[in-house]
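Here are my notes on this one, in numbered points so you can reply to them one at a time. Have the viewer open while you read.

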Amino acid sequence: MNFEEGQIMERNQITERLHSLVANLNEKARLEQEISTIVKKLNHEKTRPIKKVEYFDSTHKSDYIASKVGDKPVKPTRALAILVPIYVKKKKEYEADLEKYNAAVQSAEKEYYITFEKVRNALIEADNNEREATIQELYVKLEISKGKLEELVVLIEKEDIVGLSLKNILDVQLLIEIFDNKRADTIKEAVNVLFEDKYRKRMEELQEKHVRLTQEAKDAAESAADSAEKAIKIAKEALDRADEAYDKAQEAYREAEDAYSEARSAYSEATSN
């Protein structure tokens with residue numbers, strides 16, 4: 001086997017190990033999600049209402065009470081309010097009937113629970129048994145998933161083709177792409193290429209951020225300048241209007257003085273004769 005064939009074989013062996021590692025990392029993520037889902041189901045199952053007896057009550061209780069107490073009293077219409085004596089009488093009768101009705105409902109409700117006690121207890125027991133069976137089943141699934149995850153974590157930790165910081169799905173997939181594109185022949189070269197790519201990407205992101213922030217600062221400065229220019233224009237217009245108003249006031253004042261002088265002259269002429 002020549003040197004080039006040795007390099008290709010090494011590259012193939014490396015990519016096989018990387019593919020195996022990324023498969024294990026994907027499976028680890030899947031198991032972690034599965035465990036999280038099982039835990040949520042367990043918590044729900046432990047705290048959920050007793051469904052069977054709840055459904056039984058929703059379909060029997062109101063009908064049973066209605067059969068014992070009849071219809072709820074109807075509140076007198078406000079249209080009778082204009083007939084005060086009649087409305088007051090009807091309102092009092094309604095309040096008395098409503099009090100009796102509410103007392104009858106409470107009594108019928110107690111009677112309902114006594115009448116259907118055995119049925120409800122059987123439903124509660126059946127639901128609790130079903131809940132317990134579901135919880136036990138979930139616990140078994142949880143332990144199995146946890147066991148698989150622990151074994152997988154050991155396998156991932158034992159794989160030393162890359163360091164701990166690179167044992168994530170994205171980085172391992174990028175390393176595989178580097179080998180597939182023949183940008184490296186050894187894992188060391190591939191890791192160097194990966195870090196160079198990351199550095200270049202980071203620099204590009206920083207450059208883009210710098211350009212964006214510079215443009216935002218420029219836009220903000222232009223906007224501030226426009227606002228300042230508009231403010232100056234508005235202030236100048238206000239001053240011009242103030243000057244104009246002052247001139248008009250001065251003119252009015254002079255006209256008033258002239259009128260006053262004319263009035264004084266007319267008065268003097270009138271009184272001197």
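1. Leaving aside its neighbours within four places in sequence, which residues is Asp-57 in contact with? Ser-62, Tyr-112 and Arg-120. Keep in mind that this is a predicted model. Asp-57 sits in helix H2, and at a relative accessible area of 14% it counts as buried, because the cut-off for that is under 20%.

2. One of those partners leads to the helix pair around it. Asp-57 and Arg-120 both belong to the set of residues where H2 meets H4. On the H2 side the others are Lys-51, Lys-52, Val-53 and Phe-56. H4 brings Val-119, Leu-123, Ile-124, Ala-126, Asp-127 and Glu-130 along with Arg-120. By type, the contact splits into 6 nonpolar and 6 charged residues, with no polar ones. As for geometry, H2 (residues 51-69) and H4 (residues 117-158) pack at an angle of about 145°, and their axes are 7 Å apart.

3. Now the overall picture. You'll find 6 helices and 0 strands, so to speak a plain α-α-α-α-α-α pattern when read along the sequence. For 273 residues, a compact globule would come out near 19 Å in radius of gyration, but this protein has 45 Å. The C-alpha trace spans about 140 × 90 × 20 Å along its principal axes.

4. Burial and surface go next to that. Of the 273 residues, 19% count as buried. The exposed area is about 20,400 Å², and carbon and sulfur atoms supply 55% of it. Among contacts with a separation of 6 or more, 77% are between residues 24 or more positions apart.

5. Have a look at the largest nonpolar core, too. It has 28 residues, and those with the most contacts inside it are Leu-18, Leu-21, Val-162, Val-172, Leu-175 and Ile-178. At least two residues each come from H1 (3-47), H4, H5 (169-180) and H6 (187-272). H1 gives the largest share, with 9 residues. If you want one residue to click on, try Leu-175: beyond four places in sequence, Leu-175 touches Leu-18, Val-162, Ala-190, Val-191 and Leu-194.

6. Two sequence neighbours are worth a side-by-side look. Lys-158 is in H4, and Glu-159 is in the loop between H4 and H5. Is each of them buried or exposed? Glu-159 is buried because its relative accessible area is 16%, whereas Lys-158 counts as exposed because its relative accessibility is 64%. Not counting neighbours within four places, Glu-159 is in contact with Arg-17, Leu-21 and Lys-167. Leu-21 is also among the core residues with the most contacts.

7. Finally, a couple of distances to check in your viewer. How far apart in space are Lys-158 and Ile-124, C-alpha to C-alpha? The answer is 51 Å, with their positions 34 residues apart in sequence. Ile-124 is one of the H4 residues that meet H2. In H6, take Ala-252: it lies 31 Å from Ala-231, C-alpha to C-alpha, and the two are 21 residues apart in sequence. Ala-252 is partly exposed, because its relative accessible area is 41%.

How values were computed. Residues are numbered from 1 along each chain as its sequence is written. This is a predicted model: local features need pLDDT of at least 70, side-chain atom pairs count only at pLDDT 80 or more; totals for chains, interfaces and linings use all residues. Side-chain values use heavy atoms; hydrogens and water are left out. Axes are lines fitted to C-alpha atoms, for helices over the stretch in contact, and angles run from 0 to 180 degrees between N-to-C directions. Helices (H or I, at least four residues) and strands (E, at least two) are DSSP runs, numbered from the N terminus. Contact means heavy atoms within 4.5 Å. Ala, Val, Leu, Ile, Met, Phe, Trp, Tyr, Cys and Pro count as nonpolar, Asp, Glu, Lys and Arg as charged, and the others, Gly among them, as polar. A nonpolar core is a set of buried Ala, Val, Leu, Ile, Met, Phe, Trp, Tyr and Cys residues joined through side-chain atoms within 4.5 Å. Buried means under 20% relative accessible area, exposed over 50%, partly exposed in between (1.4 Å probe, protein chains only). The radius of gyration is taken over C-alpha atoms; the globule rule is 2.2 Å times the number of residues to the power 0.38. Accessible areas come from the Shrake-Rupley method with a 1.4 Å probe; for residues, only the protein chains shown count as cover.
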